[in-house]
Amino acid sequence: MNDFLFYLDIFGVIVFALSGALMAGRYQLDPFGVVVLASVTAVGGGTIRDVILQTPVFWVEKPYYLYVILATAILTIVLIRQPKRIPKRFLLIADALGLALFAVLGTQKALYLGAPIPVAVVLGTITGIAGGMIRDVLCNVIPMILREEIYALAAMLGGSLFIILHGLNWNDTNAMIVSISAALALRLAAIYWHVSLPAFHIVEKPKKEKGTTKIIEKK
């Protein structure tokens, strides 16, 4: 892993750990809960990706990721003393940045480990969304991917764009920067302008009530 990828990966872990810690603050969890939520958000998607690829799980092989997560959680607790005052949009922006970073990084790792192109895009998407899904489920919140918001689509855009640029022989650094920027821009646009995909509704026909026969008695 070159220096750019290393620092980008660490930054992504910090951003997602911050996202999990902020969510814990909004729901008034104790310090242990903050660390747990920060951890599952930061490493959940990458863990699933590595298990599917049958490669050593990145944070097991390199435990310094756990130190980064722990430090992020502790600093969040110490520096942000009134989590209720944190705008909800700040949490969404942090999550969007983590989504864009990990979607492209996950696609790049899957591609370089020999995964077919469609599989690489799927695994990149999982890397970007799974940690946030676990975080939301633990907080008893409907995951953003299941709501009427552009979320997974942004991750898929980032991964697909990276593969296209890589196929055009772009330098990996430039391809990643452009792909991450595109995924982030789409997600932020969806947040700012409330852009969403059309929801799928099944409209059931109202059941006809059986008419009752009135018996009119003759007097």
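This is a short guided tour of the structure above, one selection at a time. The model is a predicted one, so every stop describes a prediction.

**Stop 1: helix 1**

Begin by selecting residues 3-26, which make up helix 1. Counting 1.5 Å for each of its 24 residues, helix 1 should span 34 Å, and its end C-alpha atoms are 35 Å apart, which agrees. Now zoom in on the start of helix 1, where a side-chain oxygen of Asn2 comes to within 3.2 Å of the backbone nitrogen of Phe4. Then travel to the other end: Gln28 follows helix 1, and its phi is positive, near 55°.

**Stop 2: the annotated segments**

Next, colour the segments that UniProt, in an unreviewed entry, lists as "transmembrane region": residues 6-25, 32-52, 64-80, 117-138, 150-169 and 175-195. Two of them are worth a closer look. Residues 6-25 are 100% helix and 0% strand, with end C-alpha atoms 28 Å apart. Residues 150-169 are 80% helix and 0% strand, and here the end C-alpha atoms are 29 Å apart.

**Stop 3: Arg49 in helix 2**

Select residues 31-53 to show helix 2, then pick out Arg49 within that helix. Is Arg49 buried or exposed? Its relative accessibility is 7%, so Arg49 counts as buried. Show side chains and you will find a polar contact of 2.9 Å between the side chains of Arg49 and Asp50. Which residues does Arg49 touch, leaving aside neighbours within four places in sequence? They are Phe58, Gly106, Lys109, Leu123 and Thr127. Keep Phe58 in view for the next stop.

**Stop 4: aromatic rings**

Select Phe6, Tyr7, Phe58, Tyr64 and Tyr65 together; these residues form one aromatic cluster. Across the whole structure, a search finds six aromatic pairs. One of them joins Tyr64 and Tyr65: the ring centres are 4.9 Å apart and the planes lie at 25°, so this pair is stacked. The two partners sit in different surroundings: Tyr64 is partly exposed, with a relative accessible area of 29%, whereas Tyr65 is buried, at 1%.

For another arrangement, move to Tyr192 and Trp193. Their ring centres are 5.1 Å apart and their planes stand at 90°, so this pair is edge-to-face. Tyr192 counts as exposed at 54% relative accessibility, and Trp193 is exposed too, with a relative accessible area of 61%.

**Stop 5: Pro63, and a long view**

Return to the loop between helix 3 (58-61) and helix 4 (64-79), where you will find Pro63. With 39% relative accessibility, Pro63 counts as partly exposed. Now add Lys205 to your selection and draw a distance between the two C-alpha atoms. Pro63 and Lys205 are 142 residues apart along the chain, and their C-alpha atoms are separated by 57 Å.

**Stop 6: helix 7**

Select residues 152-167, which form helix 7. Helix 7 has 16 residues and reaches 23 Å from its first C-alpha to its last, close to the 22 Å expected at 1.5 Å a residue. Which residues of helix 7 are buried? They are Ala152, Ala154, Ala155, Gly158, Gly159, Phe162, Ile163 and Leu165. As you look along the helix, it helps to know that an α-helix has 3.6 residues a turn, so residues three or four places apart point the same way. Switch on helix 5 (88-112), helix 6 (117-138) and helix 8 to see what the buried residues of helix 7 pack against.

Just after helix 7 comes Asn169, in the loop that leads to helix 8. Although not a glycine, Asn169 has a positive phi of about 65°. Asn169 is exposed, with a relative accessible area of 70%.

**Stop 7: helix 8 and beyond**

Finish with residues 172-193, helix 8, and select Arg187 there. Arg187 is buried, with a relative accessible area of 1%. Beyond neighbours within four places in sequence, the contacts of Arg187 are Leu92, Ala96, Leu99, Met144, Glu149, Ile150, Tyr151 and Ala154. Ala154 may look familiar: it is one of the buried residues of helix 7.

The last selection is His194, in the segment after helix 8. His194 is not a glycine, yet its phi is positive, near 55°. His194 is exposed, with a relative accessible area of 62%.

Notes: Residues are numbered from 1 along each chain as its sequence is written. Side-chain values use heavy atoms; hydrogens and water are left out. Helices (H or I, at least four residues) and strands (E, at least two) are DSSP runs, numbered from the N terminus. Buried means under 20% relative accessible area, exposed over 50%, partly exposed in between (1.4 Å probe, protein chains only). A polar contact is a pair of N or O atoms within 3.5 Å; within protein, one must be able to donate a hydrogen and the other to accept it, and residues adjacent in sequence count only if both atoms are side-chain atoms. Contact means heavy atoms within 4.5 Å. UniProt positions are given in the numbering used here, feature names are shortened, and annotations may be inferred rather than shown by experiment. The expected span of a helix is 1.5 Å times one less than its number of residues. Rings of Phe, Tyr and Trp (its six-membered ring) pair if their centres lie within 6.5 Å; planes under 30 degrees apart count as stacked, over 60 as edge-to-face and the rest as tilted.
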